[in-house]
Amino acid sequence: MSIDKHLVRKASLEKLFAVLKLQGKTMYAPLLRNGKISYEITGNFADVTIEFIQTTQSAKVAAFPRTEKLFNYTKDKEGVSVKDFDPNSIPETVVWGVHPCDAGGISPLSAIFNWDYKDNLYNTRLERITVIGFSCNKADEYCFCTSVGGNPGGVAGNDILFTKLGDSSDYLAEIVTDKGKALVNAAPELFEAAQDVEKEKYLADVPNRFNREDIKGKMEAFFESEVWAEQSMRCLGCGACAYVCPTCACFDIQDEIHGKNGMRVRCWDSCGFSMFTMHTSGHNPRDIQSQRWRQRLMHKFSYMPDRLSVYGCTGCGRCSRACPVDMNILEHLISMQEIKK
Amino acid sequence: MSEKNIYLPYLMKVEKITIEAPGVKTFKLKFVNDEDSNSFNFAAGQFGEYSIFGVGESTFCIASSPTRKGFIECTFRQVGKVTSALSNCEEGSIIGFRGPYGNKFPIDQWKGKSLLFVAGGIALPPMRCVIWNSLDLRENFKDITIVYGARTVNDLVYKHELEEWNDRKDVRLITTVDPGGETPDWKGEIGFVPTVLEKVAPSSQDTIAIVCGPPVMIKFTFPVLYKLGFTDENIYTTLENRMKCGFGKCGRCNVGEYYVCKDGPVFSGKQLKELPDEY
């Protein structure tokens, strides 16, 4: 479908937010709390910030919550009774202020949740989400979206994408999908006719640093190389990289019970944890941290493209920013281009 | 959105508990709802998630044969949180089960061939399913040989069934225990499984070898099988990678581009060679 373009005044953004809120939509938006910016549910536009290079957590949380209820149960002397979780209780949601690297994360996430069994919970959440993105007008040294098929004004995954037109208070609104059109129809007066604008000149400059197909080939050829150990020497196995990643989808299944009322949940997990693969016997197929680092990178740059026809990295750079020991994925990927052993 | 919640387990009643070895029990499980029982089907080699509400889920194979309907069995060793809670169950307790998941042993393709089962320790349960499956269809196969070993005599599981197999004329059973694990009246072999396998040297002629055991046993058993003339195409094993969901989402059993829960747990020796050494 062709992308409709409109002009939206800065003051209209608040009005649009209010209209959507009034429609009863759950609004996820980036909020600044204690020095960190994360996507949280809010009704108050004044709390929303879009002046950031990157949020600490990705917008993934709206489609794949950190901890997600699978069903409830009660357990007492009489036995067990199970109460199913009703996906219809999932609200219509707008995720506001998403950067293209997070919107671009929807494709790999969806590939994982749909490659064989179609995950009903994930799909129901996603169906009910409208993504309102904002192009990036600034970037930092951790950003590398252009090296992994994205760009700072990429529309993929967005329903509407806003691009701030320089220092003016105007935004270009690109209406990418039918869901986006529905939002426009909710407040058509806010979407004015667009002038002929060239949005590229308002976007952040994110240099292309490597070729991901080359990196894929190198990783496969150098599976047994010492490069993995060299790169991960200081890795603590803390899993922070997975928790901030917009495409990491690994999860654990746990029970939570208080008195006789319990629920089973799925919650984020990380292949960086030693326990992730440890057998009951104590045998661990990925026994050392370098194997786990290799798994993380190869899953994203080799296994996913091979199996799911999509790369598992959008170049958001969060893993590098979050790493407590400053392992920089971009540097490591670039250096991998050079490996010969 | 009326689709059934895939994470919702069947409620199962623990019908019978058998103590197999120190810390090892077999549960015979019956579906609480008859409809579930009637619609449930599985194949030899598949597995499931067994759960205690309030504690969590644990992955084991279905240890009973699909030829025996109306119930399933699982055998587990009490080691962690969930298996400890399972172990505390009594007959009549209600537990959760979801499955079956994974692929199956290609038992249909083995018609007319001889079968050699090689198992070590607690790895007999995943093989017991396919052993009984083939014994219940005995006329489909030529010779059936079982080589089973454990650390000690006490650690051998399914002792009654071992006796039964031993007494059958149409099965050749060789049991062994690790050196030092024998009792004064032990009549079986003494030695590690690969060594004993080489000694008893079953024919590889027109034979499928099905191997299951701890990684160290697998590592030493494959070369013996090659020496006996088996090829990778005629060797099958079942992997035990840690799992959570069972259907290719949670990422835990991912090895290379494969998911043990979907592409396995049954792999031929040939398929195993395509996997990175992370199992």
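# A tour of the two-chain model

Begin by selecting helix H3 (106-114) of chain A, in which A:Ile106, A:Pro108, A:Leu109, A:Ser110, A:Ile112 and A:Phe113 are buried (20 or more other C-beta atoms lie within 10 Å of the residue's own, whereas 12 or fewer make a residue exposed and counts in between partly exposed, with C-beta atoms placed from the backbone). Helices are DSSP runs of H or I of at least four residues and strands are runs of E of at least two, numbered from the N terminus. This is a predicted model, in which local features need pLDDT of at least 70 and side-chain atom pairs count only at pLDDT 80 or more, while totals for chains, interfaces and linings use all residues. Residues are numbered from 1 along each chain as its sequence is written, and chains are lettered from A and ligands numbered from 1 in the order in which they are written.

Keep H3(A) selected and add H2, H4 and H9 of chain A, against which the buried residues of H3(A) pack.

**The domains of chain A**

Next, colour chain A by its domain assignment, which gives domain 1 (4-62 + 87-202) and domain 2 (212-338); such bounds come from an automatic or database domain assignment. The C-alpha centres of these two domains of chain A lie 26 Å apart. Between them, 25 residues of domain 1 are in contact with 20 residues of domain 2, contact requiring C-beta atoms, placed from the backbone, within 7 Å. On the domain 1 side, helix H2 (100-103) and H3 of chain A are the elements that give two or more residues, and H3(A) gives the most, with six residues. By class, that side has 13 nonpolar, ten polar and two charged residues, where Ala, Val, Leu, Ile, Met, Phe, Trp, Tyr, Cys and Pro count as nonpolar, Asp, Glu, Lys and Arg as charged, and the others, Gly among them, as polar.

**The sheet of chain A**

Now show the strands of chain A and look for the open sheet of eight strands, which has the order S3-S2-S6-S7-S8-S9-S1-S10 with mixed pairing; two strands pair if DSSP finds at least two bridges between them. Strand S3 (36-41) and strand S10 (192-193) of chain A are the edge strands, each pairing on one side only. Helix H1 (residues 10-22) of chain A packs on this sheet, touching strand S1 (4-9), strand S2 (26-33), S6 and S9 of chain A, and its direction makes about 105 degrees with that of S1(A) (axes are lines fitted to C-alpha atoms, for helices over the stretch in contact, and angles run from 0 to 180 degrees between N-to-C directions).

Move to strand S6 (residues 93-98) of chain A, which runs parallel to S7(A) and is joined to it by five bridges; here A:Val94 stands opposite A:Thr130 in S7(A). From strand S7 (residues 129-134) of chain A, three bridges lead to S8(A), again with the two strands parallel, and A:Phe134 stands opposite A:Phe162 in S8(A).

Strand S8 (residues 160-164) of chain A deserves a pause, since five of its five residues are buried, so the strand is largely enclosed by the rest of the structure. Show its side chains: A:Ile160, A:Phe162 and A:Lys164 point one way, while A:Leu161 and A:Thr163 point the other way. On its antiparallel side, S8(A) pairs with strand S9 (residues 170-175) of chain A over five bridges, and A:Thr163 has A:Leu172 in S9(A) as its bridge partner. The two strands form a hairpin with five residues between them, and A:Gly166 in the turn has a positive phi of about 60 degrees.

**Across to chain B**

With both chains displayed, select the interface, where 45 residues of chain A are in contact with 35 residues of chain B. Several elements of chain A each supply at least two residues to its side, including strand S4 (67-76), helix H4 (120-127) and helix H9 (289-308). The most comes from S11(A), with six residues, and by class the chain A side has 22 nonpolar, 13 polar and ten charged residues.

Finally, divide chain B into domain 1 (10-101) and domain 2 (107-238), whose C-alpha centres lie 24 Å apart. Their contact takes 15 residues from domain 1 of chain B and 16 residues from domain 2 of chain B. To end the tour, centre on B:Met127, which, leaving aside its neighbours within four places in sequence, is in contact with B:Phe117, B:Ala119, B:Ile210 and B:Cys212.

Conventions. Two residues are in contact if their C-beta atoms, placed from the backbone, lie within 7 Å.
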